[in-house]
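This report introduces a protein chain to a reader who has not met it before. The sequence and the structure are shown first, and the description follows.

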Amino acid sequence: MMADDEPPFCASTHYAKMLMPLRNWEIASYGMFVYTAILAASLRSLAPGIRGRAFAGSAAGLVMTAASVLAPSNVFLHGWLLPPLLLLLGYWTSGSLFTAPMPRAEQALRQIDSVLRVRAIASAAPRWTAELLEFSYAAVYALIPIALVLHLGFTAFPDYDRFWTVILVTDYVCFAVLPWIQTRPPRALEPGDPWRSSLRAFNLRLLGAASIRVNTFPSGHAAEALAAALLVSNAPFALVVWMLFNALAVSGGAVLGRYHYATDAFTGWLVAVGVWSVLR
């Protein structure tokens with residue numbers, strides 16, 4: 001028998017809780033992993049094993065997104081844990097859709113770098129510049145949570161959902177292009193290191209262990225670093241300048257360190273500005 005102070009069960013309220021509106025980054029994640037699943041099924045050039053990995057990554061992303069939707073709202077879970085996990089899963093899943101490099105695309109990207117004299121600029125850079133930019137390239141992984149802290153603490157309208165929607169959509173756009181423009185990073189095509197840096201060996205080991213080992217056009221590094229800076233653009237001026245400096249340093253390390261082509265960074269900036277402009 002129901003206690004006097006216990007509210008009666010209301011089916012409509014129960015199902016309304018189950019049908020709460022999705023967070024925007026959850027909608028974007030559903031879209032990303034449905035997209036990769038469709039490509040995994042339709043790209044004829046994928047080997048069976050690679051196709052299986054692409055399906056597995058897509059399924060894991062859809063399950064993780066569904067778990068996020070169904071889980072009770074939790075700051076740690078939805079504000080700090082699940083969005084970056086979905087970002088990494090989207091990155092690795094898109095990488096599984098790489099089949100073979102496109103020589104014409106690589107040649108076009110290298111020609112632009114040649115015109116811009118990227119390799120010559122890197123070799124002429126002082127040692128301290130090389131160290132700073134190599135550090136900045138690796139530090140992009142820490143820059144995103146730092147940007148979230150600044151966004152929550154110093155901007156006029158802090159919002160976990162908006163922050164992660166901008167970051168995830170920015171990265172997802174970059175990852176979504178990979179199956180259509182498939183290239184190797186310039187470091188894989190050029191002889192020797194572009195400069196002397198004690199941090200380079202660490203970055204190369206990190207990429208060898210955790211990256212998809214192919215090039216993303218546009219650059220996710222450049223795009224997400226600038227998106228993070230834009231998300232704190234109404235913070236105190238000194239913080240804005242510091243974040244923009246970091247964004248430029250990440251892109252500089254990516255290009256001059258030959259982890260990316262210059263065009264990768266330029267298009268990454270365009271993606272970041274475009275996504276931020278639409279979603280801010």
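## Overall fold

From the N terminus on, the elements of the protein chain run α-α-α-α-α-α-α-α-α-α-α-α. The protein chain thus has 12 helices and zero strands. The model is a predicted one.

The C-alpha trace of the protein chain spans about 80 × 50 × 30 Å along its principal axes. Of contacts between residues at least 6 apart in sequence, 83% join residues at least 24 apart.

## Surface and charge

Of the 280 residues in the protein chain, 47% are buried. The accessible surface comes to about 14,000 Å², and carbon and sulfur atoms account for 70% of this area.

The side chains include 19 positive and 15 negative ones. The centres of these two sets lie 15 Å apart.

## Aromatic pairs

The count of aromatic pairs comes to six. One of them is formed by F33 and Y172, which meet edge-to-face at 6.4 Å centre to centre, with 75° between the planes. This pair links distant parts of the chain: F33 lies in helix α2 (residues 24–42) and Y172 in helix α8 (residues 160–177), 139 residues apart. F33 counts as buried because its relative accessible area is 0%, and Y172 is likewise buried, at 5% relative accessibility.

F163 and W164 form another edge-to-face pair, at 5.2 Å centre to centre and with 85° between the planes. F163 is buried, with a relative accessible area of 0%, and W164 counts as buried at 3%.

## A charge over a ring

The ring of W276 has the charged end of R280 sitting over it, 4.5 Å from the ring's centre.

Technical notes: Residues are numbered from 1 along each chain as its sequence is written. Side-chain values use heavy atoms; hydrogens and water are left out. Rings of Phe, Tyr and Trp (its six-membered ring) pair if their centres lie within 6.5 Å; planes under 30 degrees apart count as stacked, over 60 as edge-to-face and the rest as tilted. Helices (H or I, at least four residues) and strands (E, at least two) are DSSP runs, numbered from the N terminus. Buried means under 20% relative accessible area, exposed over 50%, partly exposed in between (1.4 Å probe, protein chains only). A charge sits over a ring if NZ of Lys or CZ of Arg is within 6 Å of the ring centre and within 35 degrees of the ring normal. Contact means heavy atoms within 4.5 Å. Accessible areas come from the Shrake-Rupley method with a 1.4 Å probe; for residues, only the protein chains shown count as cover. Lys and Arg count as positive and Asp and Glu as negative; His and the chain ends are not counted. The place of a charge is taken as NZ of Lys, CZ of Arg, CG of Asp or CD of Glu.
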